[in-house]
Every structure is written in structure tokens, then in C-alpha cells.
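Please look over the following structure with its pocket, its aromatic rings and one of its helices in mind. The report below takes these topics in turn.

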Amino acid sequence: MDLTLLCAAFGGGIIGAAFGAIPAFIITGILAIGGGIVAMAGIPELTVGNITFGVFWGPHIAFTGAAAATAVAALKRKKIESSGDVLTPLYKTKDLPTILSGGLFAIVGFLFYTLFTTKLSFLQTDAPGASVFCTLMVCRLIIGKSGPIGSLKEKRDWIPKKESGVLVDMVLGAAFGLAIGGAGYIMNTLGISKEAMASYPVVCFGISAASLIFLQTGFDIPITHHISFPAALAYVLSGNILVAVLVGAINAVAWHFAGNIINTNADTYIDPPATVIMISVALINLIF
């Protein structure tokens with residue numbers, strides 16, 4: 001294992017905690033758009049693997065370190081009110097243990113990422129997404145007291161209700177799949193290479209992640225990266241627009257199930273989109 005990268009991950013987690021989980025993730029999205037477009041243009045591109053999804057702004061580093069540090073700030077340090085407040089930059093706490101905890105959990109994220117890209121590569125899942133889920137589960141087991149899927153003593157809605165917006169999200173997910181598949185179809189008819197299209201899911205992910213800047217600034221927009229990335233991957237692997245539509249609709253609903261199961265009656269935050277991406281990408285790669 002490269003100790004330099006391990007130390008760099010620690011630094012990336014501290015930075016993520018200072019910026020806050022969603023602000024750090026927005027930066028990841030912006031970088032993904034730029035790097036993905038450059039790669040699709042056929043220009044040699046090294047930032048996506050080493051910066052965007054590496055030890056600097058990788059979701060398993062910056063976002064995860066910040067989300068875990070939020071639990072520390074709320075439950076252990078009493079510096080913020082909610083461990084689910086992934087919008088607040090933790091720099092405002094001016095609390096060194098909180099900020100450093102982001103670096104420590106980023107190291108955990110780096111170790112999981114290494115595991116998923118080496119020993120567990122046969123799972124063919126999305127390594128950053130799987131590492132986010134596993135690291136935040138470790139955070140819950142260490143920092144939280146509610147158990148891995150929250151307290152079962154209190155009532156919860158296992159099935160998403162109509163008023164939660166599940167039907168709207170299903171239509172939105174299908175629309176994303178349709179638009180993503182349609183744009184992919186156009187690029188295929190123009191003769192874009194398979195190698196270039198391999199970066200198309202990265203661009204789609206980046207657009208969704210960067211769009212969260214509107215959520216950060218107070219607008220109630222949908223969270224969609226768990227839809228756009230798998231739908232784009234499904235299109236690239238299958239070449240079928242209807243498959244992208246189906247994946248988009250299913251993942252939009254799966255997001256509700258993931259949130260209900262892992263975050264209801266729980267005292268720390270585990271990212272539902274990362275959970276959906278981890279599972280759906282593994283299934284897509286298995287099928288196609």
C-alpha cells in the first residue's frame with residue numbers, strides 16, 4: 001500500500017470536513033464534468049482517476065470524511081445540532097477534533113476503495129460509491145448508538161408512501177434515463193468511439209452532482225446522481241435507450257427504499273444515493 005496516498009487521503013478528508021459534505025461533492029461534480037468531457041473528446045486525461053475520484057476530491061475521501069465528521073461534530077463534540085446536516089461546512093465549528101476526524105474517516109474510505117479495486121474487484125461495483133457506504137456504516141457503528149439500520153423499536157415506513165413524492169421521482173428517473181439514452185444515441189450515430197463513450201457516465205454523474213449547488217443555496221431540487229450515473233452506464237453497456245429508462249425509474253424509487261431502511265430512526269447519516277449506486281452498478285455490470 002502506498003503510504004503517500006494514505007497520507008494524502010487524510011489531507012483530503014480534512015479538506016472535505018472543512019468544506020462540508022455537499023459543498024465538497026459539488027466540487028467533485030464540477031471536476032467530473034470537465035474531465036469527462038475532455039476524455040470524450042479523445043484527449044488524454046488524468047484528472048478523473050487521480051483528482052476527481054482520487055485522494056483529493058473523491059467522494060469516498062472528501063464527501064465521506066465530511067459526512068462522518070458531521071456525526072462526530074453532532075454526537076461527540078456537540079458543535080452542531082444534527083448528524084444528518086451534510087450541508088454545513090464544519091469549518092464554522094473551529095473544532096480541531098471534528099476536522100481531524102474527517103481525515104481519519106477518509107483513510108477508512110481510502111482503505112475500502114483499495115479493497116474494492118483489488119481484492120473485491122470481482123464484484124464489479126462502483127468503488128467510490130461502495131466505499132462511501134461502507135465507511136459511513138463504520139462511522140455509525142463507532143459513533144452512533146442506533147445500530148446499523150437504526151432503531152427498530154420505533155415505527156418506520158419501510159415502503160415509500162405516495163406523499164413522499166415516489167411517483168414524481170419515478171417519472172423523473174425515467175425522464176433522466178430517456179434523455180441520457182437519447183443523448184447517447186445521438187453521439188453513437190455521430191460515430192463516437194466506445195472508448196470515448198466510456199466517459200459518458202462520468203459526465204452525467206458530474207452534471208447531477210454539480211446541480212446540488214442549488215440545493216446548497218436553498219432550492220428544493222431533486223438529488224439525481226444515483227439515477228444519472230447508473231442510467232448512463234446501462235446505456236453505454238447495452239446500447240438500449242429503454243434500458244436506461246428502466247434503470248432511471250428503478251433507481252429513483254430505490255433511493256426512497258434505501259433512505260427508509262438505513263436512515264430512519266438512526267442517529268448518523270448513511271448516504272442513500274451511494275447505497276443505490278453501489279447495488280445498481282454491480283447488477284448492471286453483472287447483467288451486461
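## The largest pocket

In this predicted model, the largest pocket has a volume of about 510 Å³. Its lining is made up of 25 residues, and those closest to the centre of the pocket are Phe53, Asp126, Pro128, Val202 and Phe229.

By character, the lining residues divide into 18 that are nonpolar, five that are polar and two that are charged. Several helices contribute to this lining with at least two residues each, namely H3 (47-52), H4 (59-76), H5 (96-117), H6 (127-143), H9 (200-210), H11 (225-238) and H13 (272-287).

## Aromatic rings

The model holds six aromatic pairs. In one of them, the ring centres of Phe19 and Trp57 are 5.5 Å apart and the ring planes stand at 80°, and because an angle over 60 degrees counts as edge-to-face, the pair is assigned to that class. The two partners come from distant parts of the chain, 38 residues apart, since Phe19 belongs to helix H1 (residues 3-19) while Trp57 sits in the loop between H3 and H4.

Are the two residues of this pair buried or exposed? Phe19 has a relative accessible area of 38% and is therefore partly exposed, whereas Trp57, at 8% relative accessibility, counts as buried because its value is under 20%.

Elsewhere among the rings, Phe25, Phe53, Phe63, Phe205 and Phe229 form one aromatic cluster. Two members of this cluster, Phe53 and Phe229, also appear among the residues closest to the centre of the largest pocket.

## A glycine in helix H4

Helix H4, which supplies at least two residues of the pocket lining, is also the place of Gly65. With a relative accessible area of 0%, Gly65 is buried. The C-alpha atom of Gly65 is separated by 6.2 Å from that of Gly16, although the two glycines are 49 residues apart along the chain.

## Helix H12 and its ends

Helix H12 covers residues 241-263, which makes 23 residues, and at 1.5 Å a residue the helix should span 33 Å. The C-alpha atoms at its ends are 32 Å apart, and so the distance in the model agrees with the expected span.

At the N-terminal end, H12 is capped by Asn240, which has a side-chain oxygen 2.8 Å from the backbone nitrogen of Leu242. On the other side, H12 is followed by Asn265, a residue whose phi is positive, near 60°.

Methods
Residues are numbered from 1 along each chain as its sequence is written. This is a predicted model: local features need pLDDT of at least 70, side-chain atom pairs count only at pLDDT 80 or more; totals for chains, interfaces and linings use all residues. Side-chain values use heavy atoms; hydrogens and water are left out. Helices (H or I, at least four residues) and strands (E, at least two) are DSSP runs, numbered from the N terminus. The expected span of a helix is 1.5 Å times one less than its number of residues. A polar contact is a pair of N or O atoms within 3.5 Å; within protein, one must be able to donate a hydrogen and the other to accept it, and residues adjacent in sequence count only if both atoms are side-chain atoms. On a 1 Å grid over the protein atoms alone, a cavity is a set of points where a 1.4 Å probe fits but cannot get out, and a pocket is an open set with protein on both sides within 12 Å along at least five of seven lines; lining residues have an atom within 4 Å of a point. Grid points are joined across faces, edges and corners, and a volume is the space filled by probe spheres set on the points. Ala, Val, Leu, Ile, Met, Phe, Trp, Tyr, Cys and Pro count as nonpolar, Asp, Glu, Lys and Arg as charged, and the others, Gly among them, as polar. Rings of Phe, Tyr and Trp (its six-membered ring) pair if their centres lie within 6.5 Å; planes under 30 degrees apart count as stacked, over 60 as edge-to-face and the rest as tilted. Buried means under 20% relative accessible area, exposed over 50%, partly exposed in between (1.4 Å probe, protein chains only).
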